[in-house]
Amino acid sequence: MDAFYASVELARRPGLRGKAVVVGGRRSAPADALEGAPLTGYVGRGVVTTATYEARAFGVHSGMGLMKAAVLAPHAVLLPADFDEYRRMSRLFKAAVAELAPTIEDRGIDEIYIDLSDLPGAREAVGHDPLGGLRAIARELKNNVRAATGLSCSIGLSPNKLLSKIASDLDKPDGLTVVMPEDIATRIWPLPVGRIHGVGPKASARLIELGVPTIGALAQQPLAWLVEHFGEHHGAWLLEAAHGRDDRPVVRNSEPVSMSRETTFDRDLHPRNDRSRLSDIFTTLCQRVGDDLARKGYVGRTVGIKLRFDDFRTVTRDLTLPGPTDDGAVIRAAAGQCLKRITLSRRIRLLGVRVGNLSRPGAIVQEPAATAPQKAATASAAKPRVPSGNGGDGYSMSLFEDEAGA
């Protein structure tokens, strides 16, 4: 989907079309303070979720701090993120595709891989175009998505997932880009190495440092040289990717490993002074994870939490329950047990809750191997113990609990 979150917001606010719009932060109330505010003078630690192409022209991109975005595009309009609406539109988009091409690999809220190989007409030429049948299917997919959502999408059409991923970004927005093996030298090789999905910022910087700035330059490197610098497995993969080779199938019905919710606070919260707010947020995260599990038809046995402190140190803890659940209250109780194993001596920047070891309700779940202490902890997970006493700042096990210890 094209600038998905921003596009959803523009569909609700057509008067903002053609303007620089940045989506970031979270909606905290029906009439949020961020609603339609200009970025100029923004102060806070929020990050850009997405931006319209007009805002991207000023250098604004997802993951950037809003304060930096305010320097680059102070006139841009800031809108809070509304993830409930984005998830609703995501379901419409995927259902529209599935009506025509049911072999889909879900890659997130706004992206999917589609296998068109066996669709009727896919291998038929249209006039002098041997790929005319595939192009026609792709255009029909785009039309179906627009009819269902009012939004545009961009499609990359190629023999494999790696090339399709790159191609889908080449002609945004509303693009339909075909890349066949004979097009690799002209369409793919001039691109920066970082355009290969799987080459992250560190690997990209390392390749540039070694004098390999483009995919074409990467394709010319000897295998032995790549293995020397990146290891046997990764080096071999880099060479294959540079030549556009990828044999991964489109995996339909891939099962999620876990489901999680987390939030980064606008300001660091103190475990004691902000106890009530932290407790509310903690409970809400647990309930939302439970709701996500129930909505998608999963239950999970392993509950985990993540805390990031004001010094950017990140700590995780998890606990395995006696049986799988999607109950937010049970998740909250187990997450509270995890919390008791963390020393809360600093302000908190981020809080997250995760449920893993997923299964479908009613499925037979194999008992995981566990040591005796782990089994003892599991047995007590259903009823969290609230320690007596006030507790010191260095070991504040009950600080997220309310007065009743719920």
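Two strands count as paired if DSSP finds at least two bridges between them. By that criterion β10 and β11 are partners, joined in the antiparallel sense over 8 bridges. The model on screen is a predicted one, and this pair of strands is the starting point of the tour.

**Stop 1: the hairpin of β10 and β11**

Select 299-309 for β10 and 314-325 for β11. To check the register of the pair, pick T302, whose bridge partner in β11 is T320. Then move to the turn: the hairpin has 4 residues between its strands. F312 in this hairpin takes a positive phi near 70°.

How many of the 11 residues of β10 are buried? The count is 9, so β10 is largely enclosed by the rest of the structure.

**Stop 2: the other partner of β10**

Add 348-359, which is strand β12. β10 and β12 run antiparallel and are joined by 10 bridges. A pair to label here is V303 with V355, its bridge partner in β12.

Next add 258-269, strand β9. β9 pairs with β12 in the antiparallel sense, over 8 bridges. At residue L269, look across to I348 in β12, which stands opposite.

**Stop 3: the whole sheet**

With these selections shown together, the 4 strands form an open sheet in the order β9-β12-β10-β11, with antiparallel pairing. Which strands stand at the edges? They are β9 and β11; each has a single partner strand, so one side of each is left without a neighbour in the sheet. Looking along the sheet, the twist from one strand to the next averages 15°. In a regular strand, side chains alternate between the two faces of the sheet.

**Stop 4: helices on the sheet**

Select 275-296, helix α12, which packs on the sheet and touches β9, β10, β11 and β12. The direction of α12 makes about 160° with that of β9. Then select 328-339, helix α13, which also packs on the sheet. The strands touched by α13 are β10, β11 and β12, and its direction makes about 140° with that of β11.

**Stop 5: the crossing of α4 and α5**

Leave the sheet and select helix α4, residues 83-98, together with helix α5, residues 132-149. The two pack at an angle of about 145°, with their axes 8 Å apart, and the crossing is right-handed. On the α4 side, show M89, L92, F93, A96 and V97; on the α5 side, show L141, N144, V145, A148 and T149. These contact residues divide into 8 nonpolar and 2 polar, with no charged residue.

**Stop 6: two charged residues of α4**

Stay on α4 and pick E85, which belongs to this helix. Is E85 buried or exposed? At a relative accessible area of 15%, E85 is buried, because the cut-off for buried is under 20%. The side chain of E85 is joined to that of R88 by a polar contact of 2.9 Å. Beyond its neighbours within four places in sequence, E85 is in contact with V8 and R12.

Further along, pick K94, also in α4. K94 counts as buried at 17% relative accessibility. Leaving out residues up to four places away in sequence, K94 touches I104, D106, G108, I109 and I112.

**Stop 7: the loop with E111**

Move to the loop between β5 (104-106) and β6 (112-114), where E111 is found. With a relative accessible area of 24%, E111 is partly exposed. Its contacts, setting aside neighbours within four places in sequence, are F93, D106 and K165. With which of these residues does the side chain of E111 make a polar contact? The partner is the side chain of K165, at 2.6 Å. For a distance check, E111 and S154 are 43 residues apart along the chain, and their C-alpha atoms are separated by 9.8 Å.

**Stop 8: P74**

Finish at P74, in the loop between α3 (66-72) and β4 (77-81). P74 counts as partly exposed, at 33% relative accessibility. Not counting residues up to four places away in sequence, P74 touches P38, L39, T40 and A69. A last distance to draw is from P74 to F58: they are 16 residues apart in sequence and 10.0 Å apart in space, C-alpha to C-alpha.

Terms used
Residues are numbered from 1 along each chain as its sequence is written. This is a predicted model: local features need pLDDT of at least 70, side-chain atom pairs count only at pLDDT 80 or more; totals for chains, interfaces and linings use all residues. Side-chain values use heavy atoms; hydrogens and water are left out. Buried means under 20% relative accessible area, exposed over 50%, partly exposed in between (1.4 Å probe, protein chains only). A polar contact is a pair of N or O atoms within 3.5 Å; within protein, one must be able to donate a hydrogen and the other to accept it, and residues adjacent in sequence count only if both atoms are side-chain atoms. Contact means heavy atoms within 4.5 Å. Axes are lines fitted to C-alpha atoms, for helices over the stretch in contact, and angles run from 0 to 180 degrees between N-to-C directions. A crossing is left-handed if the near helix is turned anticlockwise from the far one by less than a right angle, and right-handed if clockwise. Ala, Val, Leu, Ile, Met, Phe, Trp, Tyr, Cys and Pro count as nonpolar, Asp, Glu, Lys and Arg as charged, and the others, Gly among them, as polar.
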